[in-house]
Amino acid sequence: MAGGRRAAVLLLLALGSVVLALAAAVLLRAFVLRAPAGVPRLWARSAGTAALSAGERRELKEALRGAIKIPTVSRSPEDLNTTAMAEFGTYIQKVFPAVFSSKFIQHEIVGKYSHLFTVQGSAPALLPYMLLAHMDVVPAPPEGWDFPPFSAAEHEGFIYGRGTLDNKNSAIGILQALEFLLRRNYRPRRSFYVGIGHDEEVSGLKGGRKIAALLEARGVKLSFLLDEGSAVLDGIIAGVRKPVAMIAVTEKGSMTLNFTVEKEPGHSSFPPKETSIGILAAAMSRLEQSPLRNLFGHGPELMTMEHLAAEFSFPLNIVMSNLWLFSPIVSRVLAWKPSTNALIRTTTAVTMFNAGIKVNVIPSSARATVNFRIHSAETAAEVLEAVRNTIADDRVRIDVVEAFDPLPISPWDEQTFAVHIFQRTILDTFPDVDSVVPGTCIGNTDSRHFTNITKGIYRFNPLLLRQDDLPRIHGLNERISIENYEKQVEFLFQLIKNCDIETLPEPHSNSHEL
C-alpha cells in the first residue's frame with residue numbers, strides 16, 4: 001500500500017516537472033526568445049520622406065481625380081472600354097509632361113492600350129526592378145453609391161470612385177512620384193521599369209502578359225517586381241493593436257470548373273426519381289460540405305504568425321510564439337471566419353448554377369460553375385483529383401475552364417535586397433508601423449505573368465487599410481483618403497531613391513529585427 005502511494009507521488013512529481021518545464025519553455029519563447037529572427041533593420045528610422053509642397057499635394061490629388069473620371073472598365077477579355085483606355089493614355093501624357101519628355105525614359109504602348117516605361121539609370125551594371133499597376137477597373141453600377149462611381153467626388157477628406165483603391169491609385173501614384181523626382185533633377189542610378197496594364201481585372205492576357213513577354217524577349221532580368229496585393233493593415237488582424245505592413249510573397253492559384261449533368265427531358269407530371277437539377281445540387285452540396293484540407297503551417301501563413309508573434313496582445317502573444325505547441329488550435333480558430341479560412345486552405349465557391357426552362361418541364365441538363373483558390377501547398381492537379389473523389393458520381397461531367405498553380409514563394413530573408421528596401425521605405429513613410437511581415441495574396445494579380453524574369457515578386461499597395469475599407473474594393477463607395485494617397489506617393493518617391501544604393505549596409509546596431 002505504502003509502495004503504491006510512493007509510486008503515485010513520484011508519478012505526480014514527474015508530471016508536475018513536465019508541466020513546469022513545458023510552461024517554462026512556452027514563457028521563454030514568448031518573452032525572451034520571441035519569434036524566429038526576422039529581417040534585421042539596416043538603417044536607423046528616418047524622421048520623414050519626401051517633402052512635398054502644398055502645391056504638389058493639390059496637384060497629385062487632382063491628377064488622381066482626373067484619372068478616376070475615365071471609366072476604364074473591363075467586363076471580360078472581349079468586353080473592354082477601349083475608348084476610355086485610349087483616353088487614359090492621352091491623359092497621362094498631359095499630366096506628367098516631365099515623364100514623357102525625359103531623355104532617359106522610353107515609353108511604349110503594348111497590346112494597344114497598356115504602357116511600358118523604361119527608366120535608364122546612370123549605373124547600368126545594377127540589376128533593374130519593376131513597378132507594376134493597372135488602369136482598368138471592374139464595373140460599377142451607380143445604384144447604392146453615395147456619389148457617382150466615376151465622378152471622383154471629394155467629400156470629407158476622401159476621393160470617391162471606382163479605381164481609387166484598385167488600382168489607379170498605384171498607376172497614377174507611380175507616375176506622379178517619378179514626375180516629382182524628375183522636376184528635382186533626380187536621375188536614378190538603378191534602371192527600372194513601370195508597367196501599367198489595361199486588362200488585369202480579366203486576367204491580364206493582352207496587357208501584363210504581353211509586357212512580360214516583351215521584357216523576356218529582350219533578356220531582361222529583374223531584381224524584384226512590386227505590384228498590388230496587400231497593404232498596411234490597421235485593426236484588421238485580431239489581437240494586434242498597431243498597424244502592420246504585410247507584403248504578400250505569393251498568391252493563391254486558381255481553378256474554375258464546370259459541372260454538367262445531362263438526362264432525358266420530360267413532363268413534370270411524371271418525374272424521374274432524380275432530375276439533372278437534383279443530381280447536380282447534391283454534388284454541389286457535397287463539395288460545400290467537404291472543404292479541402294486545412295494546410296496551416298505549410299505555407300507563408302506560418303511565417304506571418306511567427307513574425308507577428310510579439311505584436312499580439314496577451315495571451316495571444318504566448319500562443320503565437322509557441323506554434324510548435326498551439327498550431328492545431330490556431331488552425332481550427334482560423335477556419336472559423338471566411339477571411340482567415342482563405343489563408344489556410346484551398347477554398348471552394350459555387351458561383352453559378354443554371355438549369356430549367358419552364359415550370360412543367362423536366363430539364364435535360366443542369367450546369368454549375370465552381371471557383372477554387374488554391375493554397376500555396378497544393379497544385380491544381382491535386383485539387384482536381386480531390387474534387388473528383390468528393391463528387392464520386394460518373395453522371396456529373398467535370399470540365400476545366402481555367403487553372404493555374406499558386407505562384408512560387410518569393411525570398412524573404414536578410415540576404416534579399418528588395419525586403420530591406422521595402423522595410424526601410426515603409427518604416428520611414430508610416431511612423432506608426434513597427435512590423436513588416438510576409439503574407440499571402442488570396443486574390444490574383446497579373447504579376448504572375450512575370451515569373452520568368454524574376455524570382456522576387458512582391459505584392460504591396462502602400463496604403464493604410466482599415467476593416468471598413470475592405471468591402472469597398474470591387475464594392476460600393478470605393479474611396480481613398482487624400483492623406484492616404486499622399487502617403488502612397490511619398491512611399492513611391494522614396495522607394496525609387498532608396499533603390500539606388502549599390503550594396504546593403506551592416507545591420508543598425510540599435511534596431512530590433514522585423
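Biologist: Which residue forms a salt bridge with Arg-466, and how far apart are the closest N and O atoms?

Modeller: In this predicted model, the partner of Arg-466 is Asp-234, and the closest N and O atoms are 3.2 Å apart. Arg-466 lies in strand E20 (residues 464–466) and Asp-234 in strand E10 (residues 232–234), so the salt bridge ties together parts that are 232 residues apart in sequence.

Biologist: Is Asp-234 buried or exposed? And what about Arg-466?

Modeller: Asp-234 counts as buried, because its relative accessibility is 17% and the cut-off for buried is under 20%. Arg-466, at 42%, counts as partly exposed.

Biologist: How many salt bridges are found in the whole structure?

Modeller: The search finds 20. Some of them share partners: Lys-61, Glu-62, Arg-65 and Glu-154 are joined into one network in this way.

Biologist: Which salt bridges does Lys-61 form, for example with Glu-62 or Glu-154?

Modeller: Lys-61 pairs with Glu-62, with the closest N and O atoms 3.8 Å apart. Lys-61 also pairs with Glu-154, where the corresponding distance is 3.2 Å. The pair of Glu-154 and Lys-61 links distant parts of the chain, with Glu-154 in strand E6 (residues 154–155) and Lys-61 in helix H2 (residues 54–68), 93 residues apart.

Biologist: Is Lys-61 buried or exposed?

Modeller: Lys-61 is buried, with a relative accessible area of 15%. Glu-62 is partly exposed at 39%, and Glu-154 is likewise partly exposed at 39%.

Biologist: Let us turn to the aromatic side chains. How many aromatic pairs does the structure hold?

Modeller: The structure holds seven aromatic pairs. One of them joins Phe-224 and Phe-422 in an edge-to-face arrangement, 5.2 Å centre to centre with 85 degrees between the planes.

Biologist: Where do Phe-224 and Phe-422 lie?

Modeller: Phe-224 is in the loop between helix H6 (208–217) and strand E9 (225–227), whereas Phe-422 is in helix H13 (residues 417–429), so this pair ties together parts that are 198 residues apart in sequence. Both Phe-224 and Phe-422 are buried.

Biologist: What is the geometry of the rings of Phe-422 and Tyr-458?

Modeller: The ring centres of Phe-422 and Tyr-458 are 5.4 Å apart and the planes are at 75 degrees, so this pair is edge-to-face. Tyr-458 lies in strand E19 (residues 457–459) and Phe-422 in helix H13, so the pair ties together parts that are 36 residues apart in sequence. Tyr-458 is buried, as is Phe-422.

Biologist: Which residues do the ring pairs link into a cluster?

Modeller: The cluster consists of Tyr-129, Phe-192, Phe-224, Phe-422 and Tyr-458.

Biologist: Now the surface. Which residues form a nonpolar patch there?

Modeller: Ile-329, Val-333 and Trp-336 form one, with about 360 Å² of accessible area together. Ile-329 is found in helix H10 (residues 323–334) and is exposed, with a relative accessible area of 53%.

Biologist: Finally, the overall fold. How many helices and strands are there, and what is the radius of gyration?

Modeller: The protein has 14 helices and 21 strands. Its radius of gyration is 26 Å, which agrees with the value near 24 Å for a compact globule of 514 residues. Buried residues make up 52% of the 514 residues.

Biologist: What share of the accessible surface belongs to carbon and sulfur atoms?

Modeller: Carbon and sulfur atoms account for 56% of an accessible surface of about 23,200 Å².

Methods. Residues numbered from 1 in each chain as written. Predicted model: local features only at pLDDT ≥ 70, side-chain atom pairs only at ≥ 80, totals over all residues. Heavy atoms only, no water. Patch = residues over 30% accessible without salt bridge, like charges linked within 9 Å, V, L, I, M, F, W, Y side chains within 5 Å. Areas by Shrake-Rupley, 256 points an atom, 1.4 Å probe, with all protein chains shown as cover. Salt bridge = Lys/Arg side-chain N within 4 Å of Asp/Glu carboxyl O. Helix = DSSP H or I, 4+ residues; strand = E, 2+ residues; numbered from the N terminus. Buried < 20%, exposed > 50% of the residue type's maximum accessible area, 1.4 Å probe, protein only. Rg over C-alpha atoms; globule rule 2.2 N^0.38 Å. Phe/Tyr/Trp six-rings, centres within 6.5 Å; stacked < 30°, edge-to-face > 60°.
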